[in-house]
Amino acid sequence: MRHLLSIADLEREDIERILDRAAAFEQIADREVKKVPALRGRTVLNLFYEASTRTRSSFELAAKRLSADVVNFAASGSSVEKGESLKDTVLTLGAHSPDAIVIRSPHAGAAALVAGWTSASVINAGDGKHEHPTQALLDVHTLRSKLGALDGRSIWIVGDIAHSRVARSNILAFREMGAHVTLVGPPTLMPRDIEALGCAVRYDLDDLREADVVYALRVQRERMDGKELPSLREYAARYQINGRRLHPRQVLMHPGPVNRGVELSGEVVDSPQAVITMQVRAGVVVRMAVLFELLAGTRTDSPARLREPQPA
Amino acid sequence: MPHAKVVLDGDAMRRSLVRIAHEIVEKTPDPELLALVGIHRRGAPLAARLKSLLDELLGLEVPLGDLDIAFYRDDLRNRSDAPVVHASHIDFEIDGRTVVIVDDVLYTGRTVRAAIEALSDYGRPGRIQLAVLADRGHRELPIRPDFVGKNLPTSRHERVNVRVEELDGVDQVAIAELEGITA
């Protein structure tokens, strides 16, 4: 495997191989020395065009636990503010010969574009409303540790589906692993024809009891133009997962950061059903497994070099 | 498998392990500091067998662990694919202990080097020793075993196949021509 751009590129066996390896990385965190030399001498470039705390820090920690060198590049405070294009930035930073580029961008398809401009392995850490594949992998990993196999399980994804790259990647990953996926949210936040991905669509939580797993999404006010939701109060009244709606046998997930009192009530965030901190912990080992998959043993030639410039 | 010559059968393997266990007891002044760590995959079941032999001889519980050295290999870069990885389990403090690394075949010594490096990331053992079922020579690093089941003079064109009951259904060590197993 060369890049990780979309869950759609992965077969079930790829997901299982990566997650089995993630499980092998778990015990490293309990040791005296919390790193292994597997990617010694490799360089990982974190290219973040969008705010991110947990994804970026977990990629950084993952790379460091594998002994890779990490260069962090944030769009603010860089030449991007002076108007440098994504392509020029990638070509410039490519001069450092990174082995992997981890990119987060507000634009769908950015990671795939970058993959065409560099010989490094590219990992999509979120591109606009399109995909966030490592989030989906860590969610599958968390569920596998919590429930075992996902085959036949019912997973309800609740909230702002339209703006959610997490939803898109997770639908693909959960389906690939054999789960039944149901999407719930207000019609204004439900993309048209989303059923084509093989999931059911509902507009209320009346039958939430059917779910084995409830996956609540963050209400992304920063991506809305004000027309989608009349008010957060009304959203919370209809779609908030709270103690009244959540059954004790159900597993509650959320990609973070949580808007307490909006998509989740405070009581369920702190309940034993919530696996939100497990998800964060899974983030590091799963990203280690992804970096290892892409970088260990792929190159016998010299380190990554830029492609020859193509005539425009 | 064509051209395979059996050099140790089940009985001979058992006797070798018993002898190794006795040698470990003789050479270990502080049995309560002893621990065994088997290297994945076939070193792990061999270490487990040594543990039960040693438990009986010493009348105590010898701590047992297993180690996957995939992340420590020096040839990761040259492989075409990322290797299969098993979880390691070392659930005891190794600081100050005599840790005996157990593997099936000693060849170039590179696996053992990786295992020593991996072990030191768990702590600082008092000493590290090496027990192998078969030593086939051709070392590429300055590494020597402390306990050997059988010395097997081989050529580099041969392959030593160790099979263990736990994983392969039979106990056996055989030498095969590399040409014969290209399939």
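In this predicted model, the axes of helix H1 (residues 10-27) and helix H2 (residues 43-58) of chain B come within 9 Å and cross at roughly 50°. That angle makes H1(B) oblique to H2(B). The crossing of the two helices is right-handed. On the side of H1(B), the residues that take part are Leu17(B), Val18(B), Ile20(B), Ala21(B), Ile24(B) and Val25(B). They meet Arg49(B), Leu50(B), Leu53(B), Leu54(B), Leu57(B) and Leu58(B) of H2(B). Sorted by class, this contact has 11 nonpolar residues, no polar residues and 1 charged residue.

## The sheet of chain B

Chain B holds an open sheet of 5 strands in the order S3-S2-S4-S5-S6, and the pairing is parallel. Which strands stand at the edges of this sheet? They are S3 and strand S6 (147-151) of chain B; each has a single partner strand, so one side of each is left without a neighbour in the sheet. From one strand to the next, the twist averages 25°.

Strand S2 of chain B, residues 34-39, is joined to S3(B) by 4 bridges, and these two strands run parallel. Within the pairing of S2(B) with S3(B), Ile39(B) stands opposite Leu67(B). Another 5 bridges join S2(B) to strand S4 (residues 98-106) of chain B, again with the strands running parallel. There, Val37(B) has Ile101(B) of S4(B) as its bridge partner.

Two helices can be placed against these strands. Helix H3 (residues 110-120) of chain B packs on the sheet and touches S2, S3, S4 and S5 of chain B. The direction of H3(B) makes about 155° with that of S4(B). H1(B), the helix described at the outset, lies across S4, strand S5 (127-135) and S6 of chain B. With respect to S6(B), H1(B) runs at about 150°.

The edge strand S3(B), residues 64-67, also shows how residues are distributed along a strand. In a regular strand the side chains alternate between the two faces of the sheet. In S3(B), Leu64(B) and Asp66(B) point one way, while Gly65(B) and Leu67(B) point the other way. Are these four residues buried or exposed? All are buried.

## The sheet and helices of chain A

Chain A contains an open sheet of 5 strands, ordered S7-S6-S5-S8-S9, with parallel pairing. Strand S7 (200-202) and strand S9 (251-253) of chain A stand at its edges, and because each has a single partner strand, one side of each is left without a neighbour in the sheet. Neighbouring strands here are turned by 20° against each other on average, direction ignored. Strand S8 (residues 213-216) of chain A is joined to S9(A) by 3 bridges, and the two run parallel. In this pairing, Val214(A) has Leu252(A) of S9(A) as its bridge partner.

The strand pairs described for the two chains are listed below.

| Strand pair | Bridges | Partner residues |
|---|---|---|
| S8(A) and S9(A) | 3 bridges | Val214(A) and Leu252(A) |
| S2(B) and S3(B) | 4 bridges | Ile39(B) and Leu67(B) |
| S2(B) and S4(B) | 5 bridges | Val37(B) and Ile101(B) |

A helix pair is found in chain A as well. The axes of helix H2 (residues 54-65) of chain A and H9(A) come within 8 Å and cross at roughly 50°. H2(A) and H9(A) are therefore oblique to each other, and H2(A) passes H9(A) in a right-handed crossing. Among the residues that make the contact are Phe59(A), Leu61(A) and Ala62(A) of H2(A), and Val280(A), Val284(A) and Met288(A) of H9(A). By class, the contact has 8 nonpolar, 2 polar and 3 charged residues.

## Where the chains meet

How many residues of chain A are in contact with chain B? There are 16, and they are in contact with 17 residues of chain B. Helix H1 (12-26) and helix H9 (276-295) of chain A each supply at least two residues of the side that touches chain B. H1(A) gives the most to this side, with 3 residues. The side as a whole has 8 nonpolar, 3 polar and 5 charged residues.

One residue of helix H1 of chain A is Ile18(A). Ile18(A) has 23 other C-beta atoms within 10 Å and is therefore buried. Leaving aside residues up to four places away in sequence, Ile18(A) touches Leu137(A), Ala289(A), Val290(A) and Glu293(A). Gly256(A) is 238 residues apart from Ile18(A) in sequence and 23 Å apart in space, C-alpha to C-alpha.

Terms used
Residues numbered from 1 in each chain as written. Chains lettered and ligands numbered in written order. Predicted model: local features only at pLDDT ≥ 70, side-chain atom pairs only at ≥ 80, totals over all residues. Contact = placed C-beta atoms within 7 Å. Nonpolar A, V, L, I, M, F, W, Y, C, P; charged D, E, K, R; others polar. Pairing = 2+ DSSP bridges. Axes fitted to C-alpha atoms, helices over the stretch in contact; angles between N-to-C directions. Parallel < 35°, antiparallel > 145°, perpendicular 65-115°, else oblique. Left-handed = near helix turned anticlockwise from the far one by under 90°. Buried ≥ 20, exposed ≤ 12 C-beta atoms within 10 Å, placed from the backbone.
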